[in-house]
Amino acid sequence: GLIFYDTKVTVMNRVLNATVQRTADHAAPEITLDPLEIVGGEIRSSENSYFCQAARQLGCVPSSQLCVKLASGGDPTYAFNIRFTGEEVHGTSGSFRHFLWQVCKELQSSSLSLLLLCPSSAVNKNKGKYILTPSPITYAEEQLFHFFGQLLGIAIRADVPLPLDLLPSFWKTLVGEPLDPDVDLQEADILTYNYVKKFENISDETELEALCAEIASQHLAMESPDCPNKPCCKFTYLTMTGEEVELCPRGRHIPVGWENKDVYAAAIRSLRMRELQTPECMTAVRAGLGSIIPLQLLTTLTPLEMELRTCGLPYINLEFLKAHTMYQVGLMETDQHIEFFWSALEMFTQEELCKFIKFACNQERIPFTCPCKDGGPDTAHVPPYPMKIAPPDGAAGT
(Lines give C-alpha, C1' and ligand atoms only; values in the text may rest on other atoms or scores of the structure.)
Protein backbone atom coordinates (compact mmCIF):
# COMPACT_ATOMS: atom_id res chain seq x y z
CA GLY A 1 0.00 0.00 0.00
CA LEU A 2 3.00 2.33 0.24
CA ILE A 3 3.82 2.29 -3.48
CA PHE A 4 1.97 4.40 -6.05
CA TYR A 5 -0.18 2.46 -8.50
CA ASP A 6 1.62 4.01 -11.50
CA THR A 7 4.96 2.86 -10.11
CA LYS A 8 3.66 -0.69 -9.70
CA VAL A 9 2.29 -0.70 -13.25
CA THR A 10 5.65 0.50 -14.60
CA VAL A 11 7.45 -2.35 -12.81
CA MET A 12 4.76 -4.81 -13.89
CA ASN A 13 5.03 -3.73 -17.54
CA ARG A 14 8.81 -4.16 -17.47
CA VAL A 15 8.48 -7.64 -15.99
CA LEU A 16 5.86 -8.57 -18.59
CA ASN A 17 8.20 -7.46 -21.39
CA ALA A 18 11.09 -9.35 -19.79
CA THR A 19 9.08 -12.59 -19.62
CA VAL A 20 8.09 -12.75 -23.29
CA GLN A 21 8.29 -16.28 -24.64
CA ARG A 22 6.95 -15.91 -28.17
CA THR A 23 9.28 -13.86 -30.31
CA ALA A 24 8.66 -12.16 -33.66
CA ASP A 25 9.91 -15.14 -35.69
CA HIS A 26 7.12 -17.36 -34.33
CA ALA A 27 3.71 -17.19 -35.98
CA ALA A 28 0.84 -16.43 -33.63
CA PRO A 29 -1.53 -19.33 -32.85
CA GLU A 30 -4.78 -18.87 -34.74
CA ILE A 31 -8.27 -19.95 -33.78
CA THR A 32 -11.38 -20.03 -35.92
CA LEU A 33 -14.70 -19.02 -34.38
CA ASP A 34 -18.07 -19.62 -35.94
CA PRO A 35 -20.37 -16.63 -35.29
CA LEU A 36 -23.32 -18.69 -36.56
CA GLU A 37 -23.05 -20.84 -33.42
CA ILE A 38 -24.32 -17.85 -31.43
CA VAL A 39 -26.62 -16.35 -34.05
CA GLY A 40 -29.16 -13.88 -32.72
CA GLY A 41 -27.08 -13.49 -29.56
CA GLU A 42 -28.64 -16.67 -28.18
CA ILE A 43 -26.29 -19.49 -27.26
CA ARG A 44 -28.14 -22.76 -27.50
CA SER A 45 -25.51 -24.75 -25.69
CA SER A 46 -22.48 -23.58 -23.73
CA GLU A 47 -20.16 -25.56 -26.04
CA ASN A 48 -21.06 -23.17 -28.87
CA SER A 49 -20.02 -20.07 -26.91
CA TYR A 50 -16.91 -18.21 -28.10
CA PHE A 51 -15.42 -18.97 -24.67
CA CYS A 52 -15.73 -22.76 -25.11
CA GLN A 53 -14.85 -22.68 -28.82
CA ALA A 54 -11.62 -20.83 -27.93
CA ALA A 55 -10.85 -22.98 -24.86
CA ARG A 56 -11.10 -26.15 -27.00
CA GLN A 57 -8.79 -24.83 -29.73
CA LEU A 58 -6.22 -23.26 -27.41
CA GLY A 59 -6.16 -26.32 -25.16
CA CYS A 60 -3.38 -27.86 -27.26
CA VAL A 61 -1.34 -24.63 -27.67
CA PRO A 62 1.63 -24.40 -25.24
CA SER A 63 0.95 -21.49 -22.87
CA SER A 64 4.43 -20.08 -23.64
CA GLN A 65 3.06 -19.22 -27.12
CA LEU A 66 0.56 -16.87 -25.45
CA CYS A 67 3.20 -14.90 -23.50
CA VAL A 68 3.76 -11.93 -25.81
CA LYS A 69 5.15 -8.48 -25.16
CA LEU A 70 2.83 -5.73 -23.99
CA ALA A 71 0.66 -4.46 -26.81
CA SER A 72 2.03 -1.20 -28.19
CA GLY A 73 2.26 0.74 -31.44
CA GLY A 74 -0.21 0.73 -34.28
CA ASP A 75 -0.29 -3.01 -34.90
CA PRO A 76 0.24 -4.73 -31.56
CA THR A 77 1.10 -8.38 -30.99
CA TYR A 78 -1.72 -10.33 -29.40
CA ALA A 79 -1.63 -13.77 -27.74
CA PHE A 80 -3.50 -15.33 -30.66
CA ASN A 81 -5.23 -14.32 -33.87
CA ILE A 82 -8.89 -14.86 -34.52
CA ARG A 83 -10.53 -15.74 -37.78
CA PHE A 84 -14.31 -15.57 -38.02
CA THR A 85 -15.83 -18.13 -40.39
CA GLY A 86 -17.25 -16.40 -43.43
CA GLU A 87 -16.15 -12.89 -42.41
CA GLU A 88 -13.34 -10.90 -43.96
CA VAL A 89 -11.68 -8.79 -41.26
CA HIS A 90 -8.64 -6.57 -41.84
CA GLY A 91 -5.87 -6.62 -39.21
CA THR A 92 -5.98 -8.56 -35.95
CA SER A 93 -6.97 -5.92 -33.37
CA GLY A 94 -10.66 -5.52 -34.07
CA SER A 95 -11.56 -9.21 -34.02
CA PHE A 96 -9.39 -9.87 -30.93
CA ARG A 97 -11.04 -7.07 -28.95
CA HIS A 98 -14.49 -8.10 -30.15
CA PHE A 99 -13.73 -11.64 -28.95
CA LEU A 100 -12.77 -10.45 -25.43
CA TRP A 101 -15.92 -8.31 -25.24
CA GLN A 102 -18.15 -11.20 -26.36
CA VAL A 103 -16.51 -13.64 -23.92
CA CYS A 104 -17.14 -11.29 -20.97
CA LYS A 105 -20.80 -11.08 -22.01
CA GLU A 106 -20.98 -14.89 -22.08
CA LEU A 107 -19.29 -15.28 -18.70
CA GLN A 108 -21.84 -12.92 -17.15
CA SER A 109 -24.85 -14.63 -18.67
CA SER A 110 -26.69 -17.88 -18.04
CA SER A 111 -24.98 -19.63 -20.97
CA LEU A 112 -21.86 -20.44 -18.91
CA SER A 113 -22.00 -21.56 -15.29
CA LEU A 114 -18.53 -20.41 -14.16
CA LEU A 115 -19.76 -17.18 -12.56
CA LEU A 116 -22.75 -16.68 -10.26
CA LEU A 117 -24.64 -13.47 -9.59
CA CYS A 118 -23.94 -12.62 -5.95
CA PRO A 119 -26.99 -13.25 -3.68
CA SER A 120 -26.99 -9.58 -2.53
CA SER A 121 -27.89 -8.68 -6.13
CA ALA A 122 -31.41 -9.98 -5.48
CA VAL A 123 -32.02 -7.20 -2.95
CA ASN A 124 -30.37 -4.45 -5.03
CA LYS A 125 -27.02 -4.42 -3.22
CA ASN A 126 -23.99 -4.90 -5.51
CA LYS A 127 -26.43 -5.35 -8.39
CA GLY A 128 -24.86 -7.12 -11.36
CA LYS A 129 -21.73 -8.22 -9.45
CA TYR A 130 -20.47 -11.78 -9.87
CA ILE A 131 -18.48 -14.36 -7.90
CA LEU A 132 -17.02 -17.72 -8.94
CA THR A 133 -19.75 -20.37 -8.75
CA PRO A 134 -19.12 -22.21 -5.47
CA SER A 135 -19.71 -25.89 -6.19
CA PRO A 136 -17.58 -29.01 -6.64
CA ILE A 137 -16.09 -28.86 -10.13
CA THR A 138 -15.68 -31.51 -12.81
CA TYR A 139 -12.43 -31.96 -14.73
CA ALA A 140 -13.99 -30.17 -17.75
CA GLU A 141 -15.01 -27.20 -15.59
CA GLU A 142 -11.53 -27.07 -14.07
CA GLN A 143 -10.13 -26.69 -17.61
CA LEU A 144 -12.56 -23.81 -18.24
CA PHE A 145 -11.56 -22.04 -15.00
CA HIS A 146 -7.92 -22.50 -16.07
CA PHE A 147 -8.75 -20.86 -19.41
CA PHE A 148 -10.59 -18.05 -17.58
CA GLY A 149 -7.37 -17.38 -15.62
CA GLN A 150 -5.38 -17.40 -18.86
CA LEU A 151 -7.78 -14.84 -20.35
CA LEU A 152 -7.16 -12.49 -17.40
CA GLY A 153 -3.42 -12.71 -18.13
CA ILE A 154 -3.91 -12.38 -21.89
CA ALA A 155 -6.01 -9.22 -21.38
CA ILE A 156 -3.29 -7.75 -19.12
CA ARG A 157 -0.62 -8.36 -21.78
CA ALA A 158 -2.94 -6.98 -24.48
CA ASP A 159 -3.84 -4.00 -22.26
CA VAL A 160 -7.51 -4.44 -23.15
CA PRO A 161 -9.63 -3.93 -20.00
CA LEU A 162 -12.21 -6.70 -19.60
CA PRO A 163 -15.77 -5.49 -18.90
CA LEU A 164 -16.17 -7.93 -15.98
CA ASP A 165 -18.02 -6.98 -12.79
CA LEU A 166 -16.65 -9.20 -10.03
CA LEU A 167 -17.02 -8.70 -6.28
CA PRO A 168 -13.94 -7.46 -4.34
CA SER A 169 -13.78 -10.89 -2.65
CA PHE A 170 -12.76 -12.41 -6.01
CA TRP A 171 -9.81 -10.02 -6.38
CA LYS A 172 -8.83 -10.49 -2.72
CA THR A 173 -8.67 -14.26 -3.09
CA LEU A 174 -6.83 -13.92 -6.41
CA VAL A 175 -4.01 -11.81 -4.92
CA GLY A 176 -3.95 -14.01 -1.79
CA GLU A 177 -5.44 -11.57 0.71
CA PRO A 178 -7.65 -12.97 3.52
CA LEU A 179 -11.38 -12.25 3.35
CA ASP A 180 -13.11 -10.22 6.06
CA PRO A 181 -15.85 -12.41 7.59
CA ASP A 182 -18.02 -9.33 8.17
CA VAL A 183 -17.41 -6.98 5.23
CA ASP A 184 -17.14 -9.65 2.51
CA LEU A 185 -20.13 -11.62 3.74
CA GLN A 186 -22.23 -8.43 3.78
CA GLU A 187 -21.08 -7.52 0.23
CA ALA A 188 -21.83 -10.96 -1.19
CA ASP A 189 -24.94 -12.06 0.70
CA ILE A 190 -26.59 -9.38 2.83
CA LEU A 191 -29.59 -11.60 3.66
CA THR A 192 -27.40 -14.30 5.21
CA TYR A 193 -25.34 -11.60 6.95
CA ASN A 194 -28.51 -10.17 8.57
CA TYR A 195 -29.72 -13.69 9.43
CA VAL A 196 -26.44 -14.52 11.22
CA LYS A 197 -26.47 -11.16 13.03
CA LYS A 198 -29.95 -11.87 14.39
CA PHE A 199 -28.71 -15.08 16.05
CA GLU A 200 -25.55 -13.38 17.34
CA ASN A 201 -27.48 -10.50 18.90
CA ILE A 202 -30.20 -12.45 20.73
CA SER A 203 -30.21 -11.64 24.45
CA ASP A 204 -32.60 -14.26 25.92
CA GLU A 205 -34.45 -17.49 25.15
CA THR A 206 -37.79 -15.79 24.49
CA GLU A 207 -36.18 -13.79 21.68
CA LEU A 208 -34.69 -17.00 20.27
CA GLU A 209 -38.14 -18.64 20.27
CA ALA A 210 -39.67 -15.61 18.54
CA LEU A 211 -36.89 -15.67 15.92
CA CYS A 212 -37.38 -19.41 15.29
CA ALA A 213 -41.12 -18.83 14.96
CA GLU A 214 -40.46 -16.05 12.42
CA ILE A 215 -38.12 -18.35 10.45
CA ALA A 216 -40.63 -21.20 10.68
CA SER A 217 -43.22 -18.96 9.04
CA GLN A 218 -40.77 -18.65 6.12
CA HIS A 219 -40.51 -22.49 5.93
CA LEU A 220 -36.90 -22.60 7.09
CA ALA A 221 -37.56 -24.46 10.35
CA MET A 222 -39.20 -27.63 11.64
CA GLU A 223 -40.95 -28.32 14.92
CA SER A 224 -38.88 -29.24 17.95
CA PRO A 225 -38.94 -33.01 18.61
CA ASP A 226 -39.38 -32.44 22.39
CA CYS A 227 -42.29 -30.00 22.17
CA PRO A 228 -44.14 -30.77 18.92
CA ASN A 229 -45.71 -27.30 18.56
CA LYS A 230 -42.61 -25.25 19.42
CA PRO A 231 -40.84 -24.28 16.19
CA CYS A 232 -37.06 -24.68 16.00
CA CYS A 233 -34.23 -24.44 13.47
CA LYS A 234 -31.92 -27.32 12.60
CA PHE A 235 -28.20 -27.23 11.76
CA THR A 236 -28.80 -26.95 8.02
CA TYR A 237 -28.60 -24.00 5.62
CA LEU A 238 -28.90 -23.27 1.91
CA THR A 239 -25.73 -22.89 -0.17
CA MET A 240 -25.43 -19.99 -2.62
CA THR A 241 -26.49 -22.36 -5.38
CA GLY A 242 -29.69 -23.17 -3.46
CA GLU A 243 -28.84 -26.62 -2.10
CA GLU A 244 -29.68 -27.49 1.52
CA VAL A 245 -26.59 -28.77 3.37
CA GLU A 246 -25.86 -29.92 6.92
CA LEU A 247 -23.62 -27.52 8.87
CA CYS A 248 -22.17 -30.40 10.92
CA PRO A 249 -22.44 -34.20 10.89
CA ARG A 250 -26.12 -35.22 11.41
CA GLY A 251 -27.03 -31.49 11.32
CA ARG A 252 -30.57 -32.31 10.14
CA HIS A 253 -31.25 -33.88 13.54
CA ILE A 254 -29.67 -31.21 15.74
CA PRO A 255 -32.04 -28.41 16.83
CA VAL A 256 -30.71 -24.89 17.42
CA GLY A 257 -31.11 -23.94 21.08
CA TRP A 258 -29.87 -21.30 23.51
CA GLU A 259 -26.60 -23.20 24.22
CA ASN A 260 -25.58 -23.73 20.58
CA LYS A 261 -27.03 -20.69 18.76
CA ASP A 262 -23.57 -19.06 18.46
CA VAL A 263 -22.10 -22.27 17.05
CA TYR A 264 -24.97 -22.28 14.50
CA ALA A 265 -24.30 -18.64 13.47
CA ALA A 266 -20.54 -19.29 13.17
CA ALA A 267 -21.17 -22.42 11.06
CA ILE A 268 -23.30 -20.47 8.57
CA ARG A 269 -20.70 -17.72 8.39
CA SER A 270 -17.89 -20.21 7.72
CA LEU A 271 -20.00 -22.00 5.06
CA ARG A 272 -20.35 -18.69 3.20
CA MET A 273 -16.65 -17.78 3.61
CA ARG A 274 -15.66 -21.17 2.13
CA GLU A 275 -18.04 -20.56 -0.77
CA LEU A 276 -16.53 -17.12 -1.40
CA GLN A 277 -12.99 -18.50 -1.40
CA THR A 278 -13.91 -21.45 -3.70
CA PRO A 279 -10.42 -23.00 -3.29
CA GLU A 280 -10.80 -25.55 -6.14
CA CYS A 281 -11.99 -22.97 -8.70
CA MET A 282 -9.53 -20.31 -7.55
CA THR A 283 -6.58 -22.72 -7.74
CA ALA A 284 -7.48 -23.41 -11.38
CA VAL A 285 -7.89 -19.67 -12.15
CA ARG A 286 -4.53 -18.84 -10.53
CA ALA A 287 -2.84 -21.70 -12.40
CA GLY A 288 -4.19 -20.31 -15.69
CA LEU A 289 -3.14 -16.77 -14.83
CA GLY A 290 0.31 -18.00 -13.73
CA SER A 291 0.87 -19.61 -17.13
CA ILE A 292 0.65 -16.15 -18.76
CA ILE A 293 2.08 -13.70 -16.21
CA PRO A 294 4.43 -14.32 -13.25
CA LEU A 295 2.23 -14.72 -10.15
CA GLN A 296 4.92 -12.99 -8.02
CA LEU A 297 3.65 -9.71 -9.53
CA LEU A 298 0.40 -10.10 -7.58
CA THR A 299 2.20 -9.75 -4.26
CA THR A 300 2.69 -6.01 -4.84
CA LEU A 301 -0.89 -5.30 -5.96
CA THR A 302 -3.86 -4.60 -3.72
CA PRO A 303 -7.12 -6.31 -4.80
CA LEU A 304 -8.43 -2.99 -6.18
CA GLU A 305 -5.23 -2.40 -8.18
CA MET A 306 -5.43 -5.89 -9.65
CA GLU A 307 -9.01 -5.15 -10.69
CA LEU A 308 -7.97 -1.81 -12.27
CA ARG A 309 -5.12 -3.47 -14.16
CA THR A 310 -7.38 -6.24 -15.48
CA CYS A 311 -10.75 -4.53 -15.91
CA GLY A 312 -10.05 -0.79 -16.01
CA LEU A 313 -12.80 1.50 -14.79
CA PRO A 314 -16.43 0.91 -15.73
CA TYR A 315 -16.70 4.51 -16.92
CA ILE A 316 -14.99 6.55 -19.63
CA ASN A 317 -12.85 9.49 -18.53
CA LEU A 318 -13.30 12.00 -21.35
CA GLU A 319 -10.39 14.23 -20.26
CA PHE A 320 -8.11 11.18 -20.37
CA LEU A 321 -9.37 10.35 -23.87
CA LYS A 322 -8.81 13.97 -25.00
CA ALA A 323 -5.25 13.91 -23.69
CA HIS A 324 -4.58 10.78 -25.76
CA THR A 325 -6.01 11.93 -29.08
CA MET A 326 -3.86 12.60 -32.14
CA TYR A 327 -4.97 14.88 -34.94
CA GLN A 328 -3.71 13.88 -38.37
CA VAL A 329 -2.21 16.27 -40.90
CA GLY A 330 -4.38 19.27 -41.63
CA LEU A 331 -6.42 19.06 -38.40
CA MET A 332 -6.04 21.02 -35.18
CA GLU A 333 -7.63 20.79 -31.77
CA THR A 334 -9.00 24.29 -32.30
CA ASP A 335 -10.84 23.49 -35.56
CA GLN A 336 -14.51 24.26 -35.20
CA HIS A 337 -15.76 20.79 -36.13
CA ILE A 338 -13.29 19.20 -33.67
CA GLU A 339 -14.61 21.46 -30.91
CA PHE A 340 -18.15 20.46 -31.93
CA PHE A 341 -17.09 16.81 -31.74
CA TRP A 342 -15.82 17.12 -28.15
CA SER A 343 -18.80 19.15 -26.98
CA ALA A 344 -21.09 16.49 -28.49
CA LEU A 345 -19.21 13.78 -26.56
CA GLU A 346 -19.48 15.85 -23.38
CA MET A 347 -23.27 15.63 -23.69
CA PHE A 348 -23.14 11.82 -23.85
CA THR A 349 -24.18 9.72 -20.88
CA GLN A 350 -21.66 7.14 -19.63
CA GLU A 351 -23.65 4.43 -21.40
CA GLU A 352 -23.44 6.34 -24.69
CA LEU A 353 -19.71 6.97 -24.21
CA CYS A 354 -19.15 3.23 -23.73
CA LYS A 355 -21.08 2.64 -26.96
CA PHE A 356 -18.91 5.23 -28.71
CA ILE A 357 -15.73 3.47 -27.52
CA LYS A 358 -17.23 0.11 -28.59
CA PHE A 359 -18.01 1.58 -32.03
CA ALA A 360 -14.58 3.20 -32.41
CA CYS A 361 -12.34 0.39 -31.18
CA ASN A 362 -14.43 -2.68 -30.33
CA GLN A 363 -14.07 -2.59 -26.55
CA GLU A 364 -16.18 -1.01 -23.83
CA ARG A 365 -13.51 0.24 -21.45
CA ILE A 366 -10.25 2.10 -21.78
CA PRO A 367 -7.13 1.35 -19.72
CA PHE A 368 -6.74 3.22 -16.46
CA THR A 369 -3.17 4.42 -17.02
CA CYS A 370 -1.11 4.93 -20.13
CA PRO A 371 2.45 3.83 -20.91
CA CYS A 372 3.36 7.43 -21.87
CA LYS A 373 3.90 7.99 -18.12
CA ASP A 374 6.66 5.40 -18.36
CA GLY A 375 8.80 7.35 -20.81
CA GLY A 376 8.69 10.50 -22.91
CA PRO A 377 5.68 11.75 -24.86
CA ASP A 378 6.79 9.66 -27.84
CA THR A 379 6.38 6.32 -26.02
CA ALA A 380 4.54 3.88 -28.28
CA HIS A 381 0.91 3.92 -27.18
CA VAL A 382 -1.36 0.96 -26.74
CA PRO A 383 -4.62 0.76 -28.67
CA PRO A 384 -7.04 2.46 -28.34
CA TYR A 385 -4.33 5.12 -27.84
CA PRO A 386 -3.93 7.44 -29.27
CA MET A 387 -7.37 7.98 -30.64
CA LYS A 388 -6.78 9.28 -34.16
CA ILE A 389 -9.00 11.84 -35.79
CA ALA A 390 -8.42 12.07 -39.55
CA PRO A 391 -9.62 14.47 -42.23
CA PRO A 392 -12.40 13.22 -44.57
CA ASP A 393 -11.33 10.95 -47.41
CA GLY A 394 -10.90 13.34 -50.32
CA ALA A 395 -14.53 14.48 -50.23
CA ALA A 396 -15.01 17.89 -51.77
CA GLY A 397 -17.09 20.61 -50.10
CA THR A 398 -17.41 21.68 -46.48
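How much area does the protein chain expose, and what share of it do carbon and sulfur atoms supply? The exposed area comes to about 20100 Å². Carbon and sulfur atoms account for 56% of that area.

This is a predicted model, so confidence comes before detail. The mean pLDDT of the protein chain is 85. A score of at least 70 is reached by 88% of the residues. Residues 220–229 need care: their pLDDT is below 50. Even so, this stretch makes 18 contacts in the model beyond near neighbours in sequence.

Now the overall build. The protein chain has 398 residues, and 46% of them are buried. Its secondary structure consists of 14 helices and 10 strands. Consider next the contacts with a sequence separation of 6 or more. Of these, 66% join residues that lie 24 or more positions apart.

One helix pair can be followed in detail. Two packed helices are described by the angle between their axes and the distance between the axes. Helix H3 spans residues 93–107, and helix H4 spans residues 139–158. Their packing angle is about 140°. The axes lie 12 Å apart. The crossing of H3 and H4 is left-handed.

Which residues form this contact? H3 contributes Phe96, Phe99, Leu100, Val103 and Leu107. From H4 come Phe148, Leu151, Ile154, Ala155 and Ala158. The contact of H3 with H4 holds 10 nonpolar residues. Polar and charged residues are absent from it.

Terms used: Residues numbered from 1 in each chain as written. Predicted model: local features only at pLDDT ≥ 70, side-chain atom pairs only at ≥ 80, totals over all residues. Heavy atoms only, no water. Axes fitted to C-alpha atoms, helices over the stretch in contact; angles between N-to-C directions. Helix = DSSP H or I, 4+ residues; strand = E, 2+ residues; numbered from the N terminus. Left-handed = near helix turned anticlockwise from the far one by under 90°. Contact = heavy atoms within 4.5 Å. Nonpolar A, V, L, I, M, F, W, Y, C, P; charged D, E, K, R; others polar. Buried < 20%, exposed > 50% of the residue type's maximum accessible area, 1.4 Å probe, protein only. Areas by Shrake-Rupley, 256 points an atom, 1.4 Å probe, with all protein chains shown as cover. pLDDT = per-residue confidence, 0-100.
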